[in-house]
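This report looks at selected strands, helices and side-chain contacts of one protein. Please keep the sequence and the coordinates open while reading.

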Amino acid sequence: MSGERDALVVIGAGHAGTELAVQAREAGWQGRIQLVGDETALPYHRPPLSKAYLAGTATLDSLHLKARATLEKAGVELVQGRRVQTVDRADRRVAFEDGSSIGYARLALATGGRPRPLPPAIAGAAIGADNFHYLRTLADVDRIRRHFEPGARVTIVGGGYIGLEVAAVAVKAGLKVTVLEAADRVLARVTAPRVSSFYEQVHREAGVDLRVGVQVDGFALDAARRRVTGVHCADGERLACDLVIVGIGLVPNTELAAAAGLAVDDGIRIDACARTSDPQVVAAGDCTRFDSALYGRCVRLESVPNALEQARSAAAALLGHERPFESAPWFWSDQYDLKLKMVGLSQGHDQFLLRGSVEQRSFSAFYLKGERVIAVDTVNRPAEFMLARRIVGERMAIPPERLVDDGAPLKSLLAEALPQ
């Protein structure tokens, strides 16, 4: 086995880290590759956690990103259940919490993120309660599922992707579900009011008590049983509950990078080829921030496709190759029978157009800035989503009156598109 002098150490065994490790080998890395993760499970898909895995329709085996045999064949050594404490760039060593360390020739950071916590002044004594949970890992979902009993009252704090996906699973399982969103609409950071109102209606029709513009300011606790018994709202209302799940966003794990002296700004700063401010260190995934050529601003993306593409760019960079990541970002969310697929970033749009029928639960929403389509949301329209990826990625402009004409196949409009 090769030694530390030619070792690649990848910190983070999620989508980005696992892909990066395997791709580095395929790209020609000859030395040792160690993939370090702080969980004991094989690297796994996270998106199904709040959907199929929570519902019990997906097994742990079905979530594995790569079979152990695949990793072994690629010569990727799994270092599991180990938390990295520090990175010493001068000595090129990674130190663990138990005091041991490993050396590296090149380092990759794929540290991902963690759930954004409620402020301690609000969460208070609920922290550590048996029925108070965030959702990010397999262990989180396993703990939450223990409380999934028909008739149980669950309060979900946050009306983003995670909160709404959990709500859909929970109400279908027979729980009494309340969603509390602090903003004046759900999915406010990622979509337009018309799409938000559609999803609010869908959830309410399914039996979810969905409330917007509601601030949570504390919790009632049965200290003897270490259980939350109620949610206190800023308007004075008190909601009894048997389970609390908080989903209010993600915090990028940048502490290791910052302590090591790498450039950090709400994410580890990387260039278009996933290189950090240290030429010996690359980074990929939810923990990164970069200048987007497509949007002309600095962005951080929480997206599996982005993590995979950055990982491939990082692997190439380790071998001295230029492989810029440049695809339009895309995302998805499954709720009930609805397949929401989104491409692009809609922030800054000045025109919103709807194609199809909200009432029939099949439509595409276009976001334009000037004449250019900068983002598209599709609901139950997979073919249009694939075309939308081209439209956004190639910076196309299509006449608005043609976009909303559902009688004209979207594919036929591409010939009319003007590059911007």
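## Strand pairing around strand 1

Two strands are taken to pair if DSSP finds at least two bridges between them. The model discussed here is a predicted one, and strand 1, which covers residues 8-11, offers a clear place to begin. Strand 1 pairs in the parallel sense with strand 7 (residues 106-109) over four bridges, and within strand 7 the bridge partner of V9 is L107. Strand 1 is also joined by four bridges to strand 2 (residues 33-36), again with the two strands running parallel; here L8 stands opposite I33.

Are the two faces of strand 1 covered or uncovered? Both are covered, since L8 and V10 on one side are buried, as are V9 and I11 on the other. Between strand 1 and strand 2 comes helix 1 (residues 15-27), and these three elements make a right-handed β-α-β unit.

## An open sheet of three strands

Elsewhere in the model, three strands make an open sheet in the order 18-20-21, with mixed pairing. The edge strands of this sheet are strand 18 (268-269) and strand 21 (297-299), each of which pairs on one side only. Strand 18 runs parallel to strand 20 (residues 288-292), to which two bridges join it, and R269 has R289 of strand 20 as its bridge partner.

## Helix 10 and its ends

Helix 10 comprises 15 residues, 304-318, and at 1.5 Å a residue it should span 21 Å; its end C-alpha atoms are indeed 21 Å apart, which agrees with that expectation. Because 13 of its 15 residues are buried, helix 10 is largely enclosed by the rest of the structure.

At the start of helix 10, a side-chain oxygen of S303 reaches to within 3.2 Å of the backbone nitrogen of N306. Just after helix 10, G320 takes a positive phi of about 85°.

## Aromatic pairs

A pair of aromatic rings is described by the distance of the centres and the angle of the planes. With ring centres required to lie within 6.5 Å, the count comes to eight aromatic pairs. One of these is formed by F198 and F363, which meet edge-to-face at 5.1 Å centre to centre, with 90° between the planes. F198 belongs to helix 8 (residues 193-205) and F363 to strand 25 (residues 362-369), so this pair ties together parts that are 165 residues apart in sequence. F198 is buried, with a relative accessible area of 2%, and F363 is likewise buried, with a value of 1%.

The rings of F352 and Y367 have planes at 65° and centres 5.4 Å apart, so this pair is also edge-to-face. Since F352 lies in strand 24 (residues 351-357) and Y367 in strand 25, the pair ties together parts that are 15 residues apart in sequence. F352 is partly exposed, with a relative accessible area of 26%, whereas Y367 counts as buried at 0% relative accessibility. In addition, F132, Y134 and F219 form one aromatic cluster.

## Arginines over aromatic rings

Which residue lies over the face of F96? That residue is R82, at 4.1 Å from the ring centre. An arrangement of this kind also involves Y53, where the charged end of R145 sits over the ring, 4.3 Å from its centre.

Technical notes: Residues are numbered from 1 along each chain as its sequence is written. This is a predicted model: local features need pLDDT of at least 70, side-chain atom pairs count only at pLDDT 80 or more; totals for chains, interfaces and linings use all residues. Side-chain values use heavy atoms; hydrogens and water are left out. The expected span of a helix is 1.5 Å times one less than its number of residues. Buried means under 20% relative accessible area, exposed over 50%, partly exposed in between (1.4 Å probe, protein chains only). A polar contact is a pair of N or O atoms within 3.5 Å; within protein, one must be able to donate a hydrogen and the other to accept it, and residues adjacent in sequence count only if both atoms are side-chain atoms. Rings of Phe, Tyr and Trp (its six-membered ring) pair if their centres lie within 6.5 Å; planes under 30 degrees apart count as stacked, over 60 as edge-to-face and the rest as tilted. A charge sits over a ring if NZ of Lys or CZ of Arg is within 6 Å of the ring centre and within 35 degrees of the ring normal. A crossover is right-handed if, with the strands pointing away from the viewer, the path from the first strand over the helix to the second runs clockwise.
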